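Let's take a walk through this one, starting with a small patch of charged side chains and zooming out from there. Keep the viewer open as you read.

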Amino acid sequence: MIHARIENDDRTSSTASGTPSVSAEALDEFSALSALEARLVRLEERFEKTATYHQFRRRVFGVLASREARMRMGKSELKGAMLIGAAGAGKSRIVHEIIKEHNALTKHAGDWMFGTRILSVVVPGRSTVKETLNAILRDLGHPARGRRDEDYLSSLVMSYLKECRIAAIHLDEVQDSGRYKTKDSVDAFLKIFRNMMQHKDWPVCLIMTATPEAEHLINGDTTLQRRLKPMEMRAMTFEDDGQALRETLKNLLDDASLADPGILSLDEFIKILIHTSAGRFGVAVEMAIEAIGECLREGSDEIGMGHFADAYEMRMDCDEELNPFVSKNWSVIDTLTALQRYEEERQVKRRRKK
């Protein structure tokens, strides 16, 4: 009897060909959810050109233009750039957008003789020099075969960088370099990439992005520190960044076709979002998109504080008293520790996937 009931249920029944059929209700729900997630992913593609973006773009464009000019004069020693910011501040996205813009601009200026391509590589977690070099080779499309020593891999990397006309290497998550982060492992890592910037045949610019943990990488190397000229992203404040964040949120709501009942005009709401994101612009945008998702799933065309509260609860798995969008005493909630725990758990999940 049980089997007969299951076979007659239109949600699990099969056609004569053996292909499972679905109900109209399930198909509508599936299609609506797919369309909703696609909308949210498109929102993630929106990028706001902040003051940090413009400042770091000038640095990157400058060192690349200098490379072209110096190589035309037969000079090989180059400079680079380094952006330091907390996890979720948006530094990786900033560099990716700069790379896209540089590629577009150099297509219009076709007189570059020594390459314009920027290769972006994520430094493997707790990686050795060999593992980092192997990651570069894989991203170049030329993975090394067999066991090779560092000198061989370094030479191979330089050969392919020239063949592929690479002008700069962007190393992301640099704080993860060095398996045990001893002075010897750090020095070996820095030496390899410092040499790339002064290679006589094909020097490349070095662009690094990292969390503040990476400051120890270059503090002991005054030459590299001088060449990279590290720039540190500061945390958002309401006084300096409140209006820019407000405009970004307005643009996101417009893209999502959602109405604002007035929360964007509330200074306290903007202050709560800055506090909740620990002053990190990228995290604030992520949270806003998650709140938009909660609103759209609910079928509402007007976003409210409750949607932000629900999104924060889903992200942080916290009670109401620890939810800044609910608690009256939001300013005393330790959102930084909660965010750090969230980022650590996300990193663990990423490593498991690899």
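Glu 97 and Lys 100 sit 3 residues apart in helix 4, about one turn of the helix. Their side chains form a salt bridge, with the closest N and O atoms 3.4 Å apart. Glu 97 also meets Arg 93 in a salt bridge, at 3.0 Å from N to O. That partner is in helix 4 too (residues 91-108), 4 residues away and again about one turn of the helix. As for exposure, Glu 97 is buried, with a relative accessible area of 15%, while Arg 93 comes out as partly exposed at 26%. Keep in mind that this is a predicted model.

Now for a pair that reaches across the chain. Glu 37 and Arg 297 form a salt bridge between their side chains, 3.0 Å from N to O. Glu 37 belongs to helix 2 (residues 24-44) and Arg 297 to helix 12 (residues 281-298), so this contact ties together parts that are 260 residues apart in sequence. Both ends are partly exposed: Glu 37 has a relative accessible area of 36%, and Arg 297 has 43%.

Stepping back, the whole structure holds 17 salt bridges. The chain is built with 14 helices and 5 strands, and 44% of its 354 residues are buried. If you look at contacts between residues at least 6 apart in sequence, 69% of them join residues at least 24 apart. The accessible surface adds up to about 19,500 Å², and carbon and sulfur atoms account for 50% of that.

Key
Residues numbered from 1 in each chain as written. Predicted model: local features only at pLDDT ≥ 70, side-chain atom pairs only at ≥ 80, totals over all residues. Heavy atoms only, no water. Helix = DSSP H or I, 4+ residues; strand = E, 2+ residues; numbered from the N terminus. Buried < 20%, exposed > 50% of the residue type's maximum accessible area, 1.4 Å probe, protein only. Contact = heavy atoms within 4.5 Å. Areas by Shrake-Rupley, 256 points an atom, 1.4 Å probe, with all protein chains shown as cover. Salt bridge = Lys/Arg side-chain N within 4 Å of Asp/Glu carboxyl O.
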